[in-house]
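These are my notebook entries on one protein chain. I set out to look up its charged pairs, its surface patches and a few single residues.

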Amino acid sequence: MKKALVVIGMFVVYFALVFLCEFLGFFSPVLWAYFGVIAAFLAATPVLVVASKTQVPGAIALFPVVYLIIMALLGEVSQPIVAIAIVVVLVIAELVRRIAGAGKQLGLRLGYAVSAIAPGMYLLPLWTMTSWYYDGAIEEMGSQAYADTLMAFANPVGLVALVVLCFAVGLLGAIVSEKLFKDKVIVSAQ
């Protein structure tokens, strides 16, 4: 029972942090384009608290998958490609954790860094359906200037930058989390 409450509590923290990062997009198109990078850093601790206690496959992917399901139920997953991309990223994250060592801190750290790319994939239609995304940004934000600024990121360099930054900042978030919450996020043997 206590373990279930910890998992639920950590998911609530994860959900609040990622959602807050998405909400920042209302203040600036740059914050929208890079909310995944901010979330990669902030969401490290709740994921690591849970995933560090188990080497069960799916531990790294659990929170992003539940977040995806909730957002889909709320109508906030704009296109099927978003869900597909998130699932692919999370499968890769789990494979990375297995290859690097599911029972090792390095495996946890690298697995999280890859999974930290998942929130950024909510923006994938910016690159795959640019005109549709542009029209949607104007409609939702009521500002052509906002949409025009957002389109500055709609190129291959913008996508690569997002993926690389999410990974790098996710890795940094994992390392900082390990330093701050050593007793909570260090891999424990099963």
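The entries below follow the order in which I looked things up.

**Entry 1. Ground rules**

I noted that this is a predicted model, in which local features need pLDDT of at least 70 and side-chain atom pairs count only at pLDDT 80 or more, while totals for chains, interfaces and linings use all residues. Residues are numbered from 1 along each chain as its sequence is written, and side-chain values use heavy atoms, with hydrogens and water left out.

**Entry 2. Salt bridges**

I began with charged pairs. Side chains of opposite charge can pair when their charged atoms come close. How many salt bridges does the structure hold? I found 2 salt bridges, a salt bridge being a side-chain nitrogen of Lys or Arg within 4 Å of a carboxyl oxygen of Asp or Glu.

One salt bridge joins the side chains of E94 and R98, at 3.9 Å from N to O. Both residues lie in helix 6 (residues 80-100), 4 residues apart, which is about one turn of the helix. I recorded that helices (H or I, at least four residues) are DSSP runs, numbered from the N terminus. I then asked whether E94 is buried or exposed. E94 is buried, because its relative accessible area is 11%; the cut-offs are under 20% for buried, over 50% for exposed, and partly exposed in between (1.4 Å probe, protein chains only). R98 has 29% and is therefore partly exposed.

A salt bridge also links the side chains of R109 and E178, at 2.6 Å from N to O. R109 lies in helix 7 (residues 105-115) and E178 in helix 11, so this pair ties together parts that are 69 residues apart in sequence. R109 counts as partly exposed because its relative accessibility is 22%, and E178 is buried at 7%.

**Entry 3. Helix 11 and S177**

I stayed with helix 11, which spans residues 156-180 and also holds S177. S177 counts as buried because its relative accessibility is 1%. Which residues does S177 contact, leaving aside its neighbours within four places in sequence? I listed A44, T45, L48, K182 and V185, where contact means heavy atoms within 4.5 Å.

**Entry 4. Back to helix 6**

R97 is also found in helix 6. R97 has a relative accessible area of 0% and so is buried. Its contacts, apart from neighbours within four places in sequence, include A51, T54, Q55, A59 and I60, as well as G107, L108 and G111. Between R97 and S177 I noted 17 Å from C-alpha to C-alpha, with their places 80 residues apart in sequence.

V87 lies in helix 6 too. V87 counts as partly exposed because its relative accessibility is 42%. The C-alpha atoms of V87 and Y14 are separated by 18 Å, and the two residues are 73 residues apart along the chain.

**Entry 5. Two buried alanines**

I looked up A33 in helix 2 (residues 29-33). A33 is buried because its relative accessible area is 2%. Not counting residues up to four places away in sequence, A33 touches L123, L150, F153 and L162. Its C-alpha atom is 21 Å from that of Y112, which is 79 residues away along the chain.

I then turned to A39 in helix 3 (residues 35-42). A39 also has a relative accessible area of 2% and is therefore buried. Where A33 and Y112 are 21 Å apart, A39 is in contact with Y112, and also with V18, C21 and P119, leaving aside neighbours within four places in sequence. The C-alpha atoms of A39 and L124 are 16 Å apart, at 85 residues along the chain.

**Entry 6. Surface patches**

Which residues form the nonpolar patch on the surface? I found M1, L5, I8 and V12, with about 470 Å² of accessible area together. Accessible areas come from the Shrake-Rupley method with a 1.4 Å probe, and for residues only the protein chains shown count as cover. Patches are made of residues with over 30% relative accessible area and no salt bridge, with like charges joined within 9 Å and nonpolar side chains (Val, Leu, Ile, Met, Phe, Trp, Tyr) within 5 Å. I8 is found in helix 1 (residues 2-23) and counts as exposed because its relative accessibility is 52%.

A negative patch on the surface consists of E76, D135, E139 and E140. Asp and Glu count as negative and Lys and Arg as positive, while His and the chain ends are not counted. The place of a charge is taken as NZ of Lys, CZ of Arg, CG of Asp or CD of Glu. I closed with D135, which has its place in helix 9 (residues 130-141).
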